[in-house]
Amino acid sequence: MSSKKLADALKMSDEEIESIYKDLLKSTEEDKQVNCRACGYDTCEQMVAAIAIEMKTKEDCARYRKIQDMIVLFDGLQANLQIMVKNLETTVEAYAVISRILQEKAEN
Ligand code: SF4
C-alpha cells in the first residue's frame, strides 16, 4: 500500500504518515519495506499504522533502536578519537621538547 493509500485508510494526511516514517528513520522506499517483523508486524507499513493509532511507538521498531544504538556508539567512538588525537598531540609536543633538550645537552 502506498503512503497515500495508508493515509486515506487511517484518515490522516500524507504528511502525517510521512512524518511517522521520518520518525522511524525511514526515508527511502527500501527503508519503508524492511519488513523484518521484529516489531511483531509483517510489514513496516502495518507498524506505521499501529504508531498512527498509538498502539506502538517508534522505539518498538528494532531497526530504529539499532540505528539509535549505533549513533550512541559512534558518538562514543568520536569522543574517544578526539581524546586519542589530543593525547597524540601532547606526545608529539613532549617528544619535540625532549629532542630539543637532548640536542642542547649534546652541543654543550
Ligand atoms: S521492526 Fe521496524 S523495520 Fe522491522 S518490520 Fe517493524 S517497523 Fe519495519
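This is a short tour of the structure, stop by stop, with what to select at each one.

**Before starting**

The model is predicted: local features need pLDDT of at least 70, side-chain atom pairs count only at pLDDT 80 or more, and totals for chains, interfaces and linings use all residues. Residues are numbered from 1 along each chain as its sequence is written. Helices are DSSP runs (H or I, at least four residues), and strands are such runs too (E, at least two), numbered from the N terminus.

**Stop 1: helix 4**

Select residues 62–107, which form helix 4 with its 46 residues. The expected span of a helix is 1.5 Å times one less than its number of residues. For helix 4 that gives 68 Å, and the end C-alpha atoms are 67 Å apart, which agrees.

Is helix 4 packed away or in the open? The number of buried residues among its 46 is zero, so helix 4 lies largely in the open. Here a residue is buried if 20 or more other C-beta atoms lie within 10 Å of its own, exposed if 12 or fewer, and partly exposed in between, with C-beta atoms placed from the backbone.

Now pick I83, which is found in helix 4. I83 counts as exposed because it has 10 C-beta neighbours inside 10 Å. From I83, go 11 residues along the chain to A94; their C-alpha atoms are separated by 16 Å.

**Stop 2: helix 3 and V48**

Select helix 3, residues 44–52. Buried residues in helix 3 are C44, M47, V48, A49 and I51.

Zoom in on V48. It has 27 C-beta neighbours inside 10 Å and therefore counts as buried. Which residues does V48 touch, leaving aside neighbours within four places in sequence? They are L6, I17, I20 and Y21, where contact means that the C-beta atoms, placed from the backbone, lie within 7 Å. L25 is 23 residues from V48 in sequence and 12 Å away in space, C-alpha to C-alpha.

Just past the helix, select E54: this residue follows helix 3 and has a positive phi, near 60°.

**Stop 3: helix 2 against helix 3**

Add helix 2, residues 14–23, to the view. Helix 2 and helix 3 pack at about 110°, with their axes 10 Å apart. Axes are lines fitted to C-alpha atoms, for helices over the stretch in contact, and angles run from 0 to 180 degrees between N-to-C directions. That makes helix 2 roughly perpendicular to helix 3, a label for angles of 65 to 115 degrees.

To see the meeting point, select I17, I20 and Y21 in helix 2 together with V48, I51 and A52 in helix 3. By class, this contact has six nonpolar, no polar and no charged residues. Ala, Val, Leu, Ile, Met, Phe, Trp, Tyr, Cys and Pro count as nonpolar, Asp, Glu, Lys and Arg as charged, and the others, Gly among them, as polar.

**Stop 4: the ligand**

Select the ligand and the residues that surround it: V34, N35, C36, R37, A38, C39, Y41, C44, M47, C61, A62 and R63. A residue belongs here if its C-beta atom, placed from the backbone, lies within 6 Å of the molecule. Helix 3 and helix 4 are the elements that give two or more residues to this shell. The shell divides into nine nonpolar, one polar and two charged residues.

**Stop 5: N35 and R37**

Stay with the ligand shell and pick N35, in the loop between helix 2 and helix 3. Its phi is positive, near 50°, in a residue other than glycine. N35 is partly exposed, with 14 other C-beta atoms within 10 Å.

End on R37, in the loop between helix 2 and helix 3. R37 is not a glycine, yet has a positive phi of about 75°. With 13 other C-beta atoms within 10 Å, R37 is partly exposed.

Technical notes:
Contact = placed C-beta atoms within 7 Å. Parallel < 35°, antiparallel > 145°, perpendicular 65-115°, else oblique.
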